[in-house]
Amino acid sequence: MKFLIPFVAWMLLGQCVLAQQSEPEVPPLDSMPIKSNYRFGLNIESGVFQSIMRLPHLQKFMEANGGETPVTADVHVHIGLGFRLNRVKATFQFSTPTTLLAQVPRNSTKWITRQQGGRQWGIQLGYDLVNGYARRWYVYSGVGVQSIDFTVYRRTGQTIPFGSILLNAPPGGVASLGIRNAPYIDMGIEMSFREKQPQSRGATTRIGYRHGLRQNDYRSDMYGLTDPISDRLSQFYVQTFFSVSDNFSRKTP
Amino acid sequence: MKALFLWIGWMLWSTLSDVKSQPMPEKAVVMLYREREFASLSYTIFVNGKRVSALSTNRFIRLEVPAGKVVIDAKQNYLTKPRSVYFGAEPGKLYYIKAVEDVHIVGRSLLLGFVREAQARRDLTRIKPMEPETENELP
């Protein structure tokens, strides 16, 4: 009889152990990765942007004088340096147009205004209104200056020796006509990837508008101009670039 | 000694009778939810390879899954990386799984992870149920 008690106890204990062994795998709780939270980051960006600009007075002047309407859409390359502190981001950027879109009609004998170059630099300050797990959506504003340069010429159809090219400049050609250092204010939205590692890489897209603060006179390096026409340099742009960031001071969740 | 035998016998009988009287549920329940995310996609949810529902942002779905090993997948299209969660579902148990969209340079995916009940209950107070799909939308 005495051996029966340990046997029954063993049976009950065994059942418990078996029950524990046959339990399915318990899923780990809190297995969702947490949102990264680096307080400070330095970033370098490089990319391109497409812009479109209106130059109504120059266009009107060229049309009134029998010229082709100047193309004012262009692709720019840009580089930028910036930092982010919590949800605020500041960026300094410099860009220059590629004149890829400044193609002109090949057979036209009208006056042609071809964009030759320019530059642009400015600073932007943004705040991320949407601070998500994978992306940040910034609203930003900034200030800067931009310049634009044109060459005005007309095809003659003549064939001349290269050695005499400097002696045969046709009348009316302007090798340098443009607006220099026109100030603007900048505003737009930016979507960038959230930094998840101490060294992060990501792509960013900006859509914005640069509004010229005042009408700026056209100047030429060839002549001093009196009573020049003026335009306000304002442009819409879509910017896409890659950025690399170093991030510090991860907060404990 | 007799009393001891009687007590052990009663314990065994009551345990067995309890097991017989209560029908064992064969399914577990999974509450799968997403919090509000800006500009995010809706994903299709599969349980053990079978499509069960779509899951949009700020929505939850209640899934009845069979007990045993369960695989829940979230897919969208060929540009998104499929993500899965594997676990052993206990009959009658309630699991909370949170989903968050992750975005990379070349694609995106829906991360799935278990969360504690207290946190899930807090989150679910702000989240609406997913509307049931029509027959035409189901495969």
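**Group meeting: a two-chain predicted model**

Okay, let's start with a small detail in chain B. Strands β2(B) and β3(B) make a hairpin, and just two residues sit between them. One turn residue, N48(B), has a positive phi of about 50°. Before I go on, please keep in mind that this is a predicted model.

So, how many bridges hold that pair of strands? β2, which is residues 43–47 of chain B, pairs with β3(B) in the antiparallel sense over five bridges. If you want to find the register on your screen, look for T44(B), which stands opposite A54(B) in β3(B). Then look for F46(B), which faces R51(B) in β3(B).

Now zoom out a little. The hairpin belongs to an open sheet of four strands in chain B, in the order β3-β2-β5-β7, and the pairing is antiparallel. At the edges you have β3 (50–55) and β7 of chain B, and each of them pairs on one side only. Going from one strand to the next, the twist averages 25°.

Chain B has another open sheet, this one with six strands, running β6-β9-β8-β1-β4-β10. The pairing here is mixed. Why do β6 and β10 of chain B each have a side without a neighbour in the sheet? Those two, β6 (80–81) and β10 (128–129), stand at the edges with a single partner strand each, so one side of each is left open in the sheet. Further in, β1(B), residues 27–34, pairs with β8(B) in the parallel sense over six bridges. Within that pair, V29(B) stands opposite L94(B) in β8(B).

Let me put chain B together for you. It has two helices and ten strands, and along the sequence you read α-β-β-β-β-β-β-β-β-β-α-β. Of its 139 residues, 24% are buried. If you take contacts in chain B between residues at least 6 apart in sequence, 61% join residues at least 24 apart.

On to the inside. As a general point, nonpolar side chains tend to be buried together in soluble globular proteins. In our model, the largest nonpolar core has 24 residues. Which residues have the most contacts inside this core? They are V30(B), L32(B), I72(B), I97(B), A99(B) and L112(B). The strands β1, β2, β4 (59–66), β5 (68–75), β7, β8 and β9 of chain B each supply at least two residues of the core. So you'll recognise β2(B) from our hairpin in that list.

Take V30(B) as an example. Leaving out residues up to four places away in sequence, V30(B) touches L63(B), V65(B), I72(B), Y95(B) and I97(B). Apart from that core there is another, of 15 residues, and its members include I148(A), V152(A), L177(A) and Y218(A).

That takes us to chain A. Here the secondary structure comes to two helices and eleven strands, in the pattern α-β-α-β-β-β-β-β-β-β-β-β-β. Buried residues account for 29% of the 253 residues in this chain. Of the contacts in chain A with a separation of 6 or more, 68% are between residues 24 or more positions apart.

A quick look at one loop: N65(A) sits between α2 (56–64) and β2 (73–85) of chain A. Is N65(A) buried or exposed? N65(A) is exposed, because just 11 other C-beta atoms lie within 10 Å, and the cut-off for exposed is 12 or fewer. N65(A) and K110(A) are 45 residues apart in sequence, with 9.1 Å between their C-alpha atoms.

How about confidence? For chain A the mean pLDDT is 86, and 86% of its residues reach 70 or more. Among the elements of chain A, strand β3 (residues 88–97) has the highest mean, 96, and helix α1 (residues 4–21) the lowest, 54. Over residues 16–24 of chain A the pLDDT is below 50, and beyond near neighbours in sequence that stretch has four contacts in the model.

Last stop, where the chains meet. There, 20 residues of chain B are in contact with 19 residues of chain A. On the chain B side, β7 (83–89), β8 (94–103) and β9 (108–114) each supply at least two residues, and β8(B) gives the most, with six. By type, the chain B side divides into eleven nonpolar, three polar and six charged residues.

That's me done, thanks!

How values were computed: Residues are numbered from 1 along each chain as its sequence is written. Chains are lettered from A and ligands numbered from 1 in the order in which they are written. This is a predicted model: local features need pLDDT of at least 70, side-chain atom pairs count only at pLDDT 80 or more; totals for chains, interfaces and linings use all residues. A residue is buried if 20 or more other C-beta atoms lie within 10 Å of its own, exposed if 12 or fewer, and partly exposed in between; C-beta atoms are placed from the backbone. Two residues are in contact if their C-beta atoms, placed from the backbone, lie within 7 Å. Ala, Val, Leu, Ile, Met, Phe, Trp, Tyr, Cys and Pro count as nonpolar, Asp, Glu, Lys and Arg as charged, and the others, Gly among them, as polar. Two strands pair if DSSP finds at least two bridges between them. pLDDT is the predictor's confidence in each residue, from 0 to 100. Axes are lines fitted to C-alpha atoms, for helices over the stretch in contact, and angles run from 0 to 180 degrees between N-to-C directions. A nonpolar core is a set of buried Ala, Val, Leu, Ile, Met, Phe, Trp, Tyr and Cys residues joined through C-beta atoms within 7 Å.
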